[in-house]
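Visitor: I would like to go through this model one question at a time. Please give the reasoning before each answer.

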Amino acid sequence: MTWTRKHLLDIESLTPDEIVTVLDTARAFKAVGERAIKKVPALRGKTVVNLFVEPSTRTRISFELAEQRLSADVINFSAEASSFKKGETLKDTARNLEALNADFIVIRHSASGAPHFLARVLNASVINAGDGAHEHPTQALLDVFTIREHKGKIAGLNITILGDILYSRVARSNIWALRKLGATVTLCGPATLVPKTFEQMGCRVTHDVDEAIRDADIINLLRIQHERQRKTMFPSINEYIQLFGLNKARLAKAKPDALVMHPGPINRSVEIDSDIADSGRSLILEQVTNGLAVRMAVLFLVNGGKGPPEVTGN
Amino acid sequence: MPETTVILDAAAMQRALTRIAHEIAERNENGAEVVLTGIPVGGDHLAKRLGKILSELWQQTVPVGILDVSMHRDDLDRRAAPTVHPTVIPFDVTGKTVVLVDDVLFSGRTTRAAMDALNDFGRPKKIQLAVVIDRGHRELPIKADFVGKNVPTAEGEKVRVRLVENDGVDEVVLERPK
């Protein structure tokens with residue numbers, strides 16, 4: 001399978017084969033992280049700008065380390081310390097960065113579609129590091145990578161995503177990726193945060209946690225995103241914990257080999273009990289390790305996406 | 001369909017590998033210092049086969065690894081990203097004689113990338129190169145130490161090394177575009 005895309009903007013437009021190509025490539029990059037010398041020269045001489053207009057710690061650090069391990073030069077740009085405060089538009093900021101000969105722009109933005117917009121106006125490769133409530137493609141790819149490592153496959157698995165789905169770009173990207181690879185996806189959470197409209201994406205929607213996790217191979221918990229909720233979507237945190245929080249008693253009703261994931265940052269004792277987060281059934285820290293490998297793979301692939309199709313020959 | 005000529009059949013390939021193994025043994029008196037690393041796709045299986053023959057010759061296990069060079073290529077931004085294979089080197093290369101194994105030697109760029117990639121794993125005492133086919137057209141000052149068969153080719157032709165492990169048959173064919 002040859003990757004020919006110059007950008008990674010979303011999961012929705014990827015084919016199943018393209019998703020598998022990223023996962024296979026990431027496997028090789030994960031091994032690089034286990035060597036004494038964790039750096040390869042694949043992006044030597046290339047410049048990557050991390051344009052984080054919306055705050056982020058773990059995604060930015062993960063991208064930054066991925067870029068450094070590929071030998072790229074890295075510029076970090078955050079909204080707080082930038083000319084956005086002075087009223088510069090996204091287009092002008094990005095054009096200025098491109099005038100410095102940036103080859104890649106990794107963008108995190110609170111507006112859905114911001115990466116797609118940049119991809120239209122710039123020559124650089126654009127990678128979406130999360131746009132509004134739309135998509136967070138590298139998070140979905142690392143989640144799917146982690147699931148495949150543990151379960152050996154994606155097709156036929158039952159994946160339950162539990163929590164704030166409505167405002168979650170992680171959920172949307174995960175749903176696209178999992179459905180394309182043949183998993184059955186169940187969404188669960190308060191009715192206000194998990195509307196029935198998600199059934200149009202090919203998911204099962206339920207508001208009963210015990211039922212949602214009973215047959216699950218993977219339970220992917222999402223954070224309650226206070227910053228994206230214009231008003232409270234459920235009566236109280238305590239009620240959420242009682243009805244939807246993942247605790248030992250609840251997990252005991254799931255399959256014995258069901259594993260728990262969370263994109264972080266976790267709210268201990270809200271979505272997830274501390275003992276579960278720290279237990280052997282939690283893949284949370286592995287997700288962080290795998291995120292690095294997946295982001296290296298994505299940068300490696302889109303770098304090639306600017307060239308002609310793979311030249312076969314000796 | 002391109003016009004194809006069989007350069008090596010299964011028996012000839014087996015003879016070539018046996019001869020290469022004997023040449024490696026002749027060149028390197030101390031078998032304990034020799035490790036093999038094959039370059040995918042093709043070289044990894046060839047390295048395993050050579051390792052088996054050498055282990056019998058030397059009466060000791062010869063370590064065999066897989067060295068993927070795609071992250072070290074010099075044409076990464078000129079073409080679609082190559083398929084990356086896992087690198088598995090379960091031994092220390094420092095102080096060892098590393099025999100790189102590839103199916104075809106052409107421009108020499110893969111070999112250069114392989115030498116670069118090896119650097120990340122340690123400092124070999126020596127690096128040697130074994131190939132089944134040397135088809136000429138070098139773009140770098142690189143020469144193979146062990147060659148199964150020298151095949152003069154034109155630039156536009158293709159040399160395909162098919163192996164039982166990948167393709168169900170052992171043979172080398174030359175394809176001429178029509």
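**Domains, overall form and two helices**

In this predicted model, the centres of domain 1 of chain A and domain 2 of chain A, taken over C-alpha atoms, are 26 Å apart.

Visitor: Which residues of chain A form domain 1, and which form domain 2?
Guide: Chain A is divided into two parts, domain 1 and domain 2. Domain 2 covers 137–288, and domain 1 is made of 16–135 + 289–304.

Visitor: Which element gives the largest share of the side of domain 1 of chain A that touches domain 2 of chain A?
Guide: In this contact, 20 residues of domain 1 of chain A meet 22 residues of domain 2 of chain A. On the domain 1 side, the elements giving two or more residues are helix H1 (16–32), strand S4 (125–131) and helix H11 (284–304) of chain A. By class, that side has nine nonpolar, seven polar and four charged residues. The largest share of it, six residues, comes from H11(A).

Visitor: Why is chain A described as being as compact as a globular protein of that length?
Guide: Chain A has 11 helices and nine strands. For 314 residues the globule rule gives 20 Å, and chain A is close to that, so it is as compact as a globular protein of that length; its radius of gyration is 19 Å.

Visitor: What percentage of the residues in chain A are buried?
Guide: The C-alpha atoms of chain A fill a box of roughly 55 × 50 × 40 Å along the principal axes. Among contacts between residues at least 6 apart in sequence, 75% join residues at least 24 apart. Of the 314 residues in chain A, the buried share is 46%.

Visitor: How far apart are the end C-alpha atoms of H1(A)?
Guide: H1(A) has 17 residues, and at 1.5 Å a residue these should span 24 Å. The computed distance between its end C-alpha atoms agrees with this, at 25 Å.

Visitor: What covers the buried residues of H1(A)?
Guide: The buried residues of H1(A) include Ile19(A), Val22(A), Leu23(A), Phe29(A) and Val32(A). Their cover includes helix H2 (58–69), H5, H6 and H11 of chain A.

Visitor: How many of the 12 residues of H6(A) are buried?
Guide: H6(A) runs over residues 169–180, and its 12 residues should span 16 Å, which agrees with end C-alpha atoms 17 Å apart. Among its buried residues are Arg169(A), Arg172(A), Trp176(A) and Lys180(A). The buried residues pack against H1, S4, helix H5 (137–151), strand S5 (158–162), strand S6 (184–188) and strand S8 (218–221) of chain A. The helix is mostly covered, and its buried count is 11.

Visitor: Which residue just after H6(A) takes a positive phi?
Guide: H6(A) ends at residue 180. Just after the helix, a positive phi of about 95° is taken by Gly182(A).

Visitor: Is Pro256(A) buried or exposed?
Guide: Pro256(A) sits in the loop between helix H9 (248–251) and strand S9 (259–261) of chain A. Its C-alpha atom is 10.0 Å from that of Ala216(A), 40 residues away along the chain. A residue with 12 or fewer C-beta neighbours within 10 Å counts as exposed. Pro256(A) has 7 such neighbours, so it is exposed.

Visitor: How many charged residues are on the side of chain B that touches chain A?
Guide: The contact takes 25 residues from chain A and 20 residues from chain B. The chain B side divides into 10 nonpolar and three polar residues, with the charged ones numbering seven.

Conventions. Residues numbered from 1 in each chain as written. Chains lettered and ligands numbered in written order. Predicted model: local features only at pLDDT ≥ 70, side-chain atom pairs only at ≥ 80, totals over all residues. Domains from an automatic or database assignment. Contact = placed C-beta atoms within 7 Å. Helix = DSSP H or I, 4+ residues; strand = E, 2+ residues; numbered from the N terminus. Nonpolar A, V, L, I, M, F, W, Y, C, P; charged D, E, K, R; others polar. Rg over C-alpha atoms; globule rule 2.2 N^0.38 Å. Buried ≥ 20, exposed ≤ 12 C-beta atoms within 10 Å, placed from the backbone. Expected span 1.5 Å × (residues − 1).
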